[in-house]
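Thanks for coming. I will walk through one structure today, starting with a term we need and ending with the places to treat with care.

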Amino acid sequence: MLDNANQNLDKNELTSGETENNVESSKQETVAQTTEEETAKDVEVVQEATELKEENKAEIIDENKEAVDEIEKSVAENSENNDAKENAQEEVEAVNYSKFSLEELVASLKKIISDNPVQKIKVQVEEVKSAFNKKFGAFVAEKKKAFLAEGGNIIDFQFTLPVKEEYNSLLSEYKKKRDAYYIEIDKQLNSNLEKRVKVIEDLKELIDEADATTMYKKFKDIQDSWRSIGPVPKTYYNDTWKIYHHHVERFYDLLNLSNDFRDLEFKNNLEQKLQIIEKAKALANEADVNFASKELQDLHKIWKEDIGPVASEMREEIWHKFSEATKIIHDKRHDYFKEMRSKYQQITEKKLEVIEAINAYDTSNNKNHSDWQKSINDIEALRKQYFNAGKLPYTKSEEVWQKFKKATKKFNSAKNVFYKEEKNWQQENLKKKIALIEIAESLKESEDWENATNTLKKVQADWKDIGHVPRKFSDDIWKRFKAACNHYFDRLHQQKNNVSKEEQANVTVKKEFLENLKETKLATKEAILSTIKDWRALGTLPRNMRHLEGKFNKQIDKMFETLSLDKAEISMLKFTTVVDGYVADNDQRKLESEQFFIRKKIDEANKEIQQLENNLGFFSNAKPNNPLVMNVKNQVAKFKEDVLIWEQKLNYLKNLDN
């Protein structure tokens with residue numbers, strides 16, 4: 001059937017060379033040169049159409065032909081690829097396979113192939129292939145090295161794994177499915193071509209019969225059939241349309257059944273084509289030349305596929321207007337890329353300057369984390385310069401990009417060496433802190449109060465002097481250490497807790513004071529501070545009644561919340577109220593615990609700031625108003641604000657010792 005379709009296309013002027021000659025090209029051969037290959041009827045029709053167009057259109061087509069040809073070529077390609085693009089719109093979510101084992105990679109490949117349409121998984125399959133080949137290649141290289149080390153001959157080396165055989169089988173399955181899919185696409189394109197050839201034959205037959213009573217209705221049915229047919233191979237797209245359009249014009253030119261009917265159709269088509277022309281003219285003012293070009297392609301497709309011919313005396317004029325608008329956009333796009341090409345050398349030079357600066361960057365004096373953070377920020381600024389210099393086409397950018405990667409890799413290698421050593425140092429700190437925990441846990445039940453107390457205080461001081469440990473262990477070891485120390489000092493304080501009559505009397509007085517305070521409304525900071533002073537003047541509480549201090553502090557906190565003070569000041573006032581209570585009770589354990597807690601919060605906040613600022617490095621190309629970037633920056637600002645408050649609290653505690 002397809003062979004017949006191709007023969008019919010040949011018979012009906014379908015080859016691109018003949019179509020250009022007969023319909024639109026000024027560089028045409030005369031129809032008389034092809035008469036030996038055509039039927040007499042077709043020669044007359046085509047020759048009449050050609051002669052009519054030769055005189056009026058030759059110069060117009062010559063002037064705009066390049067622009068129109070380029071657009072029509074794009075329309076043809078998009079028509080063929082349209083279905084495949086729609087079917088492949090939704091790609092499977094990307095996964096990082098670099099950490100997967102060979103078995104996990106094979107399992108992933110199997111799931112990808114079985115659970116998804118074959119046209120949607122190309123990217124995922126390629127990523128799995130890349131990861132598998134890299135990992136398997138390294139594995140084979142290791143085995144080969146061991147084989148040769150044992151005295152083996154490289155010629156005799158052979159190695160495989162069952163997982164590799166399964167992997168090969170899955171790839172073969174994927175390729176078969178993929179090939180079958182695209183074979184089916186080709187079949188559909190060719191089937192549509194056969195349908196379009198059949199529609200052209202039906203249209204020619206309708207013109208030959210010229211039955212005035214039925215021909216217009218049949219013609220409308222033929223138009224509907226043509227529009228319902230899907231895409232055809234791009235090499236035939238323009239040819240089939242030109243032949244079809246040629247016979248549509250023949251139909252209207254020969255239609256005698258109802259001039260009013262025909263004229264109304266011509267009028268509607270003219271109005272639609274004039275609207276198309278206006279839209280094309282408007283696109284000439286579009287700043288985005290690529291968008292304008294894409295929209296122009298759509299307009300050409302509508303012009304060809306959806307709108308019929310106009311009256312014969314208007315055809316050349318209307319086409320000339322459309323081709324002129326097309327040429328304006330085509331020239332604008334051509335000028336745009338010409339201008340871009342002239343900037344490539346300048347962009348390249350800027351990028352090479354940045355690469356040179358990165359290569360020359362000196363990290364030899366970096367001794368600590370702060371030094372490296374400054375260097376990281378410097379390199380990040382250079383990276384931004386590189387990307388802000390502009391974009392290059394792939395053919396020009398690849399060499400520069402490889403140089404840039406090599407330069408940044410050099411810096412990253414030096415940075416990684418430092419942080420690897422930093423990691424080893426943190427491991428040593430972890431061992432030291434675990435040793436202190438073991439001492440604390442061994443003393444927590446001790447009743448040698450003096451020696452145990454002195455030892456634990458020394459252990460606590462040593463703990464402060466030891467640096468950071470790996471973050472994943474930080475919370476757990478702190479909880480163990482804190483629990484052991486608290487257990488011992490709770491026992492110590494319980495042993496010392498000898499409730500006196502005076503302290504018991506303070507309980508009654510402070511309870512009454514607290515009850516009265518609940519009914520009191522204090523409107524100023526001074527009044528609240530005076531109340532705190534009065535509370536302290538009532539004396540200390542026995543240890544088993546210290547919960548009254550907590551109730552008092554909560555009540556004071558509520559009062560502070562009613563004042564028009566900023567968050568930092570309220571937080572500080574609440575803190576000093578609690579700490580002053582510890583001082584009044586001479587509760588050294590809680591004061592020390594408070595210091596430990598604050599130092600830990602400062603360390604945690606600084607680590608979070610460091611991590612977030614590192615994360616910002618991954619958004620070097622993002623705009624400043626990117627929601628994700630703004631969110632990270634807001635988090636950094638919040639942690640920095642918290643650090644300032646915690647440091648104020650720590651200074652307050654330190655000043656208590658003076």
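A salt bridge, as used here, is a side-chain nitrogen of Lys or Arg within 4 Å of a carboxyl oxygen of Asp or Glu. With that in hand, look at Asp475, Lys600, Lys601 and Glu604, which are linked in a network of such bridges. In the whole structure, a search finds 29 salt bridges.

Before going further, some ground rules. This is a predicted model, in which local features need pLDDT of at least 70 and side-chain atom pairs count only at pLDDT 80 or more, while totals for chains, interfaces and linings use all residues. Residues are numbered from 1 along each chain as its sequence is written, and side-chain values use heavy atoms, with hydrogens and water left out.

Now the overall picture. The secondary structure of the chain comes to 21 helices and 0 strands; helices (H or I, at least four residues) and strands (E, at least two) are DSSP runs, numbered from the N terminus. Of the 658 residues in the chain, 38% are buried. Buried means under 20% relative accessible area, exposed means over 50%, and partly exposed is in between, with a 1.4 Å probe and protein chains only. The chain exposes about 38,600 Å², and carbon and sulfur atoms supply 49% of that area. Accessible areas come from the Shrake-Rupley method with a 1.4 Å probe; for residues, only the protein chains shown count as cover.

A contact means heavy atoms within 4.5 Å. Among contacts between residues at least 6 apart in sequence, 78% join residues at least 24 apart.

Next, the inside. In soluble globular proteins, nonpolar side chains tend to be buried together. A nonpolar core is a set of buried Ala, Val, Leu, Ile, Met, Phe, Trp, Tyr and Cys residues joined through side-chain atoms within 4.5 Å. The largest one here has 22 residues, and Leu109, Val125 and Phe132 have the most contacts inside it. Helices α4 (102–115), α5 (122–149) and α6 (162–209) each give two or more residues to this core. Apart from it lies another core, of 20 residues, among them Leu436, Ala440, Val459 and Tyr488.

What does Leu109 touch, leaving aside its neighbours within four places in sequence? Leu109 is in contact with Val125, Val128, Tyr167, Leu170 and Leu171.

Back to charged pairs. Side chains of opposite charge can pair when their charged atoms come close. I have three examples.

The first is Glu184 with Lys187, a salt bridge of 3.8 Å, N to O. Both lie in helix α6, 3 residues apart, about one turn of the helix. Glu184 is partly exposed at 43% relative accessible area, and Lys187 is exposed at 51%.

The second is Glu549 with Lys510, where the closest N and O atoms are 3.5 Å apart. Glu549 is in helix α18 (residues 547–561) and Lys510 is in helix α16 (residues 501–518), so the pair ties together parts that are 39 residues apart in sequence. Are these two buried or exposed? Glu549 is buried, with a relative accessible area of 9%, and Lys510 is buried at 1%.

The third is Lys640 with Glu613, at 3.5 Å, N to O. Here helix α21 (residues 627–656) holds Lys640 and helix α20 (residues 588–616) holds Glu613, so the bridge ties together parts 27 residues apart in sequence. Lys640 is partly exposed at 42%, as is Glu613 at 33%.

One loop residue is worth pointing to as well. Thr540 lies in the loop between α17 (525–537) and α18, and is partly exposed, with a relative accessible area of 29%. Not counting residues up to four places away in sequence, Thr540 touches Glu503, Asn506, Ala584 and Asp585. The C-alpha atoms of Thr540 and Ala584 are separated by 7.0 Å, although the two residues are 44 apart along the chain.

Finally, confidence. pLDDT is the predictor's confidence in each residue, from 0 to 100. Its mean over the chain is 77, and 82% of the residues reach 70 or more. Confidence is lowest in helix α2 (residues 16–24), at a mean of 34, and highest in helix α14 (residues 449–465), at 89. Over residues 1–62 the pLDDT is below 50, and this stretch has 97 contacts in the model beyond near neighbours in sequence. Where pLDDT is low, the predicted coordinates should not be read in detail.
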